[in-house]
Structures are given as C-alpha cells and as structure tokens.
Amino acid sequence: MKCLFATLLATTVLLLPHERAVAFENTSYTNVNSRYRIERISIQNVTYSVSAALQRELDRLIGRPYRTETIDAVERRIRSEFPGFTISCNVAKGEKQDQIRVSFVLERSRKNLDLNVSRMAFHSEQKFSFGVTADLNLGTTSTSLGFISDNDERVERFSGFRAAFVAPVVKNLRIAFLGEAYQSRFRGDSEEFYRSRTNFEPTVIYTLAPGLELRGGFSFNNLEFQVPAARDQAAHAVITTLRYLKQWQLGLTSTQTLEAGYSLRAAAHSLGSDFNYRRHLGEARLSFASGNSEKSKSTLAFSSMIGAIDGRAPVLDRFVLGNTQTLRGWNRYELAPLGADRMMHFSADGRYSFVRAVYDTGTIWTAGRPKVLRHSAGIGFVISGITAMVAIPIRSSSIEPIFMVGMNF
Amino acid sequence: MTRARLIALFTLFLHTLAAQIVSPRLNDGQLSLNALNLKFLEGKALDRLKNGQSVTFDFQLQLLDGVKPLGRTLHRFVLSYDLWEETFSAVQLSQTTPRTPVYSTNRLKSEAVAGWCIGRMHLPLPFIDKARPLTMQLEIRSAGVKLANPMRPQGSVDLGVLVEIFSRPPDPKEVRFTATTQTFTLGALATP
C-alpha cells in the first residue's frame, strides 16, 4: 500500500508543470537554438548547379550563430534560384557539441496529372494555333498526350496528336519516345506539299553536366503525298541536340538566364530515307528578369538563331520566319512561302510591368539566291501571361500591321 | 478494500491524470487557470519546433457567463525546441511595447510548456454576484504561416492584432486548441 501511494505521489510530482519565469535577457533572438553555431549548411538534390553567389552566401554562414531569419532569407534566395522546386529545410544537431547542421532539400514540384494549354495564339494572317497537353507523372516517368493545331511554327498548318514518354534508365541517362500523327494543310499548290505525316522518335538524353544535356536518336518521318500521284516518302534522320541552360542570381532580386542549343538532323538514304540532307540549327537566348522570372516586374531578353540546310530537305524541315516568334510584323507567305534553307534572326524583347515591346531583325533565303535583311517592331501589353501585340514591318513601301494575341510567345 | 478495487481506483486515478484538465484558480485577487497535462504541441507545429524553428502561439483566456464574455486576456508566446538539450523554451512578448520579449523560460518538458504560458495569464475579478455560475475558456492558436522572427512587424503582438486573430474563424493550417473549465462560482473559489 505504501508503495502504491509512493508511486502515486511520484507520478503526480512528475506530471505537474514547473513554473519559473526569468526576466528576458537583453537579446533580440527568441529561438533557443540561436546560441548554437552552424556547422554545415548544404543544398541536396540539386540538378542544376548552384550559383557562385549563393554558394558564397552558404559558405559565409558556416561558423556563424544559427538565426531563423537568416535561414529563411537563404531559403527565399534558393527558392528564387530554383523556381520549379519545392524546398524544405532540415535542421539537426551537428557532429560537434553545440553545433547545428542545416540542409535544404529540393524536390521538383510536379503534379501526377497536369492538364495545360501548351499553345494558344491568334495571328491576323495565320489565324489560330492551339494546343492542349495532358501530362501524367508516375514515379520518375513522364507521359504526355496532346492535341495541336498549329499554323505558326512551320510552313504548313498541322493538326493532330502527339504522345511522348520519358523514363530514367540510369543516373544522368533517360530514354524518350515521341510519336506524332498530323494532317497537313498548305496555302497554295505545290508538288512538295504532303497531306499527312507521321513521326516516331526514339532518343536517349544524357546529362553531361548540370544544365548541359545531349540528346541523340532517330526520327522516322513518313510523308503522304497526293500530287502528282499518291505516294509515301520517308524522311528518316539521325538527330542530335546539345542544350545548355543556366540561371544566375544577380544581387538579391534579379536573375539572368542563358539558354543555348545546337541541333543537327541528318537524313540519309542509308536510313531508308527518300531525302538526303543535313539541317543545322543554333539558338541562344539571354534573359534578365527582376525577381523570380515567373513573377518578375520587368524582363529583357535577347535571342538569336542561325540555321542552314545542306541538301534537299522536305518542306517539313525548312526554316520559316514571320510568325509570332520571329520577324513579327511580316507575313511569312511573303518571305518564303515554301520555307527556305538558310536563316538568321535576332530579337530583342523587353517588358516593364504590363507593357511589352519587341524588335526583330533577320533574313531568310535559299542558297544561291540574294538575301534581304528585314526588320520589324511591335508593341503590346501582357496580362496574366497573355500578350496582345501589334507589330509592323519596317520598310519603305506600304505597311500592314499584324495583330497577335496569345500565350507562350 | 480488495485488490481488484485498488487496481480500479489506481487506473481511474491514472486516467484522471492523463486527461487534460483545466480548473479555475484565485490568486492575489486575480483569476487564473490551473492546467494539468495540457498537450497542445502536436502535428506540424511540433514538427516545426523539432526542426529548430520558432513557432508563435497566441493564447486567449476568457471568463464566461454562459456565452457572454466577462473578461479576457490575450498573450503571444514564442516557443522553440533546443536541439541539443531536447527541451522547450518559451518567450512571452510584451503587449505594452510591441515586439519586445518580457519573460522567458527554458528547459521545459513538453507537458510543462502550456502550464508555464498559462501561468503568465491573469484575469481581474469581475464585480458580479459571487453565486453566479461561470466558466473559463482557454484558446490557443498558432499562426498558419511561419513567423520566422516574431518580433518583426508580421509578428506584432499588438492587442488589436490578437483580438483580430481570435475574432476570425480558425485557419485550417492553424493549430487550434480549446479547453473549458467546469462551471464554478467566485464564492466557491474564494472559500479555502
């Protein structure tokens, strides 16, 4: 019995809170861990390289007292450098007494099923272009299925379906399969115009370094012609693409992004192709954005493209200028109605708040023919990612403005 | 007393101890609460604390005549968890000079945190009939968003801010905890 009461007494004493309050010491930190120092601070799961400025900031914190507001500032900084990631911060005891380890874990934010409008544009000469895509992300694999009707990117209006599948094989290596089936419509008549086309592209994507990807594989294009007689022709090619993407933080509020790429498409009779050509395309884009690029107040971007085709390529692969991306203000049917095999283009694109202005210059020609450098300018406004713009060709003869509205241009 | 009855009595006693109990207390002419075994530290707020972050909690203590409030006191406390000592620390912020810590304590076990905070809260005795049945209600809310430094403007402890916080419906992201005393009278409390 005595033992029972002793147990009861001990339990009661243990469960009673002990109340003691001391006048607050003269310090402005309310977190008890502020008396410990940071032993290590790191970022985990980084696909792209951390900017030198951010790394310096992390290194500078080692050995300093732990401050939650400093850690929060670093987290905001990481968030602006990696906008597509979810960031969590883990704080734990360090290896040494009274030291703390801080690690930020990055996870790519993506939904299992994501429906999005991949293309939406109206061009007063080319009319509507529209595309929707459903992305299904299961584990590390991605599958997408989309419908598109586009009269902007190529010589033709192509309407149909595309499906893609991407899965990792080993670290830094992924396989991708792309399948497309389109009906094609052209303005005017030509023996070079086809009625429909299908494409199957098995490729592998290798990450050479953070931000640097090499893609290689095959493209099996089948074109169905009707004129002068119904026939199928193949444009099978080896494809190679090298892409580089890097983003830097400029100070605390601005970012700079560099995208560059080179792609080669080499069709050869040895692959069963009816066409024999090599298509080279080099692209570069440098952009500056104040703050997070998705919600920036102002942006300035410079982009350039240069392309050349060696050999006889189908209309499918020929270059086009004079659409919502290039020489805005020019009608592409005036410049090269069948496309061309040489192209150079430069564009400057600036936005402040909701006002956007563009200047384009470029030339498109066929080898052996004279080339003419053309210029255009456009001004418009952007609301919720949708741009409405009026662009004019800069020339001495009559000027017909072109009106464009849409997203992703 | 048989052994079975003793065990039943002991079990009932342990159950009572395990239950979360708040009871009124009269101390130096002021009303306060005795809190036993209050566990409001749980879920995401506890996870954040154990991840080395500070979590701000707003406490409201009300004296109620039915549903009619006769008085209330509001306080903001900042809690943190010592990663090395594995104990909690609490800081009470001032209301008269906003964003200023006034009292602090540390090395508290989880179950003692609420007791320390509640011990800092007092209500003046109302001038009402001492036989009127009353209750006291404790409400604790944590901010839904992380308040990194509770002394920064977003963590202002101005009384108006606290009143606004407790006047609106709770945010689903918030931790919300309420406990109400049994009905009592001031006369019964004053009787030793």
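Colleague: Hi! Which are the buried residues of α3(B)?

Modeller: Hello! Keep in mind that this is a predicted model. The buried residues of α3(B) are Ala112(B), Val113(B), Ala114(B), Gly115(B), Trp116(B), Cys117(B), Ile118(B) and Gly119(B).

Colleague: And how many of the residues of that helix are buried, out of what total?

Modeller: Helix α3 of chain B covers residues 110–119, and 8 of its 10 residues are buried, so the helix is largely enclosed by the rest of the structure.

Colleague: Which strands do the buried residues of α3(B) pack against?

Modeller: They pack against β2, β3 (55–65), β4 (68–82), β5 (87–93), β6 (101–108) and β8 (135–142), which belong to chain B.

Colleague: Let me zoom in on β8, then. Is Thr135(B) buried or exposed?

Modeller: Thr135(B), which lies in strand β8 of chain B, counts as buried because its relative accessibility is 14%, and the cut-off for buried is under 20%.

Colleague: What does Thr135(B) touch, leaving out residues up to four places away in sequence?

Modeller: Its contacts are Gln62(B), Leu63(B), Leu64(B) and Gly66(B), together with Thr180(B), Thr181(B), Gln182(B), Thr183(B) and Phe184(B). Leu63(B) is 72 residues from Thr135(B) in sequence, while their C-alpha atoms are 6.0 Å apart in space.

Colleague: Stepping back, how many helices and strands are there in chain B?

Modeller: Chain B has 5 helices and 9 strands. Starting at the N terminus, the order is α-β-β-α-β-β-β-β-α-β-β-α-β-α.

Colleague: What about burial and contacts over the whole of chain B?

Modeller: Chain B has 192 residues, and 48% of them count as buried. Among its contacts with a separation of 6 or more, 65% are between residues 24 or more positions apart. Its accessible surface is about 9,400 Å², with 55% belonging to carbon and sulfur atoms.

Colleague: Which strands of chain B make up the open sheet of 3 strands?

Modeller: That sheet has the order β1-β2-β7, and the pairing is antiparallel. Its edge strands are β1 and β7 (123–124), each of which pairs on one side only. Between β1(B) and β2(B) there are 7 bridges, and one of the bridge partnerships links Leu26(B) with Leu31(B) in β2(B).

Colleague: What sits in the loop between β1 and β2 of chain B?

Modeller: Asp28(B) is in that loop, between β1 (21–27) and β2 (30–36). Its phi is positive, about 50°, although Asp28(B) is not a glycine. Most residues other than glycine have a negative phi. Asp28(B) is also exposed, with a relative accessible area of 76%.

Colleague: Nice. Where is Ser384(A), and what is its phi?

Modeller: Ser384(A) is in the loop between β19 (374–383) and β20 (386–394) of chain A. Its phi is near 50°, a positive value in a residue other than glycine. Ser384(A) is exposed, and its relative accessible area is 76%.

Colleague: While we're on chain A, what do β11(A) and β12(A) form?

Modeller: They form a hairpin with 5 residues between the strands. β11 (residues 212–225) and β12 (residues 231–234) run antiparallel and are joined by 4 bridges. Within the hairpin, Leu223(A) has Gln233(A) as its bridge partner in β12(A).

Colleague: Changing topic: what does Asn33(A) touch?

Modeller: Beyond residues up to four places away in sequence, Asn33(A) touches Tyr66(A) and Ile100(A), as well as Gly52(B), Tyr81(B), Asp82(B) and Leu83(B). A polar atom of its side chain lies 2.7 Å from the backbone oxygen of Tyr81(B).

Colleague: Is Asn33(A) buried or exposed?

Modeller: Asn33(A) is buried, with a relative accessible area of 0%. It lies in the loop between β1 (22–23) and β2 (37–44) of chain A.

Colleague: Where in chain A does pLDDT stay under 50?

Modeller: Over residues 7–27, for which the model has 38 contacts beyond four places in sequence. Where pLDDT is low, the predicted coordinates should not be read in detail. As a whole, chain A averages a pLDDT of 86, and 89% of the residues score at least 70.

Colleague: Last one: how many disulfides are there over all chains?

Modeller: The count is 0. As for individual cysteines, Cys89(A) counts as buried at 10% relative accessibility, and Cys117(B) counts as buried at 0%.

How values were computed. Residues numbered from 1 in each chain as written. Chains lettered and ligands numbered in written order. Predicted model: local features only at pLDDT ≥ 70, side-chain atom pairs only at ≥ 80, totals over all residues. Heavy atoms only, no water. Pairing = 2+ DSSP bridges. Helix = DSSP H or I, 4+ residues; strand = E, 2+ residues; numbered from the N terminus. Buried < 20%, exposed > 50% of the residue type's maximum accessible area, 1.4 Å probe, protein only. Contact = heavy atoms within 4.5 Å. Areas by Shrake-Rupley, 256 points an atom, 1.4 Å probe, with all protein chains shown as cover. pLDDT = per-residue confidence, 0-100. Polar contact = N/O pair within 3.5 Å; in protein donor to acceptor, adjacent residues only side chain to side chain. Disulfide = S-S within 2.5 Å.
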